[in-house]
Amino acid sequence: MNYQETTNWMFNQLPMYQLQGASAYKEDLTNIKLLVDHLDNPQNRLKCIHVAGTNGKGSTSHMLASVLQEAGYKVGLYTSPHLKDFRERIKINGEEISEDFVCEFVAKHKDFFEANDMSFFEMSVGLAFDYFASEKVDIAIIEVGLGGRLDATNIITPLVSVITNIDLDHTQFLGNTPAAIAGEKSGIIKPNVPVVIGEYTNETQPVFLAKAEENKAPIYFASDLISQVFPSDLIGDYQFHNKKTAQQTIAVLNSQNEFKVSDENLKSGLSKVVKNTGLQGRWQQLGENPKIICDTAHNKHGLTVVMNQVRNENYEKLHIVLGVVNDKDLDAILPLFPKNAQYYFCRPDSSRGLATEILKESAKKYDLIGAKYDSVAEAFDSARQNAAQNDFIYVGGSTFVVAELPLN
């Protein structure tokens, strides 16, 4: 199979949370352990940083990768989901894994995948571990896909564990209280491995402390410990906490005397995240006059910060292109959006995309008024045609919506 055929097979033949939702979620680590045993346990040949959290784990992972690249290390980066191409998930020093490596890996192990009912995410994790080990990276940044305790990435013993924050998201899998979700995320905390917590609340902090104590894991609360925050090319307001988390993680890594990252490396890395890693979709500007911003924020915690930032922009009229997936709690997120905006409702091109009519009618209950469109492209084009030079266009609500925009 060529690359397109290979990725089509991965997407369409096997469970994939990004497309299917709940049916793709597995409740134990049996399969991934079986897979890495089959691959001769490449994860055991890696030095890793493991990053979990409701929001910010992607940005934090990319920040850490950029900083370590600036320090001269060969850095593997595994993240999800991707926006345009599957290969965005697996990079070394900002370079995506080759199409050939993906094709050869799948072809070599396809019979095993089918015989053991491997999920899309399990295959992807195995591929990343195998690739990073074969390329002998100095360190790998591994982002959790969903949750933590039962996530397929949770078979590594990292140098540092990171939990960015906790909010109510994916409650059908992780629990319906912050404490329950914190319990799932804290499942990545390992015996004697330090853990960095980005943000905490009165409800989540005791969960983190108890899990850390149980594992004799040193625990660091970045929001309390980092006073000076260095600038970054990731300019969304929510990056403030992500920068603190990344800086504290580097401080812990430095204390282990295995890696050496200077303040200059730290400053330089944070200022070049997009350049060094290719990260897209985080308060990303797509145009000016009118100013156009897109962002992948899609839950209450993320959208609260992003909508506040939208309100602080200077504009004559606000245009919002909005689409969501069908498991989104609309009553939690729609009240966050400003009423004084023209809305362009759309359905992202995914089997999980919420029907535009449902979104429009739900939004009307919160006085969010606009027209519906058959696609993200049509909605985006209409917003650009209607917007004057001094207006502001925001596009978001889902990673899938941002993925359909012309980002480059």
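**Exercise 1. Cysteines and disulfides**

Classify Cys103 as buried or exposed from its relative accessibility, and determine how many disulfides a search of the whole structure finds.

*Solution.* Cys103 has a relative accessibility of 13% and therefore counts as buried. The value falls under the 20% limit for burial. The structure is a predicted model. A search over the whole of it returns zero disulfides. Cys294 serves as a worked case: the closest cysteine sulfur, in Cys346, is 13 Å from its own sulfur, which is too far for a bond. The cut-off for a disulfide is 2.5 Å between the sulfur atoms. Cys294 is also buried, at 0% relative accessibility.

**Exercise 2. The sheet that contains Cys294**

Identify the residue that stands opposite Cys294, and describe the pairing of β10 with β14 and the sheet of six strands.

*Solution.* The residue opposite Cys294 is Val395, in β14. Strands β10 (residues 291–294) and β14 (residues 392–396) are joined by four bridges in the parallel sense. The open sheet follows the order β9-β10-β14-β11-β12-β13, and its pairing is mixed. Its edge strands, each paired on one side only, are β9 (284–287) and β13 (370–372). On average, neighbouring strands of this sheet are turned by 20° against each other, direction ignored.

Next, consider the helices. Helix α14 (residues 300–311) packs on the sheet and touches β11 (318–322) and β14; the angle between the directions of α14 and β14 is about 170°. Helix α17 (residues 376–386) lies across β9, β10, β11, β12 (341–345) and β14, and runs at about 175° to β11.

**Exercise 3. Strand β2 and its partners**

State which residues of β2 point one way and which the other, and find the bridge partners of Tyr78 and Leu77.

*Solution.* In strand β2 (residues 75–78), Val75 and Leu77 point one way, whereas Gly76 and Tyr78 point the other way; all are buried. Towards strand β5 (residues 139–143), β2 runs parallel, with four bridges. Within β5, Tyr78 has Ile142 as its bridge partner. Towards strand β3 (residues 90–92), the pairing of β2 is antiparallel and comprises three bridges. Leu77 has Lys91 of β3 as its bridge partner.

**Exercise 4. Aromatic rings**

Classify the pair Phe11 and Phe120 from its ring geometry, and establish which parts of the chain it ties together.

*Solution.* The whole structure holds 15 aromatic pairs. For Phe11 and Phe120, the ring centres are 5.4 Å apart and the planes stand at 45°, so the pair is tilted. Phe11 belongs to helix α1 (residues 3–13) and Phe120 to helix α6 (residues 120–134); the pair therefore ties together parts that are 109 residues apart in sequence. Both rings belong to buried residues: Phe11 has a relative accessible area of 18%, and Phe120 one of 2%. Elsewhere, Trp283, Tyr315, Phe392 and Tyr394 form one aromatic cluster. A charged side chain also meets a ring: Arg87 lies over the face of Tyr3, at 5.7 Å from the ring centre.

**Exercise 5. A loop residue**

Locate Val193, decide whether Val193 is buried or exposed, and list its contacts beyond four places in sequence.

*Solution.* Val193 is in the loop between α8 (178–185) and β7 (195–197). Its relative accessibility is 6%, so Val193 counts as buried. With neighbours within four places set aside, Val193 contacts Thr157, Pro158, Leu159, Val160, Ser161, Ala217 and Pro218. For Leu159, the separation from Val193 is 34 residues in sequence and 6.3 Å in space, C-alpha to C-alpha.

Methods
Residues are numbered from 1 along each chain as its sequence is written. This is a predicted model: local features need pLDDT of at least 70, side-chain atom pairs count only at pLDDT 80 or more; totals for chains, interfaces and linings use all residues. Side-chain values use heavy atoms; hydrogens and water are left out. Helices (H or I, at least four residues) and strands (E, at least two) are DSSP runs, numbered from the N terminus. Buried means under 20% relative accessible area, exposed over 50%, partly exposed in between (1.4 Å probe, protein chains only). Contact means heavy atoms within 4.5 Å. Two strands pair if DSSP finds at least two bridges between them. Axes are lines fitted to C-alpha atoms, for helices over the stretch in contact, and angles run from 0 to 180 degrees between N-to-C directions. Rings of Phe, Tyr and Trp (its six-membered ring) pair if their centres lie within 6.5 Å; planes under 30 degrees apart count as stacked, over 60 as edge-to-face and the rest as tilted. A charge sits over a ring if NZ of Lys or CZ of Arg is within 6 Å of the ring centre and within 35 degrees of the ring normal.
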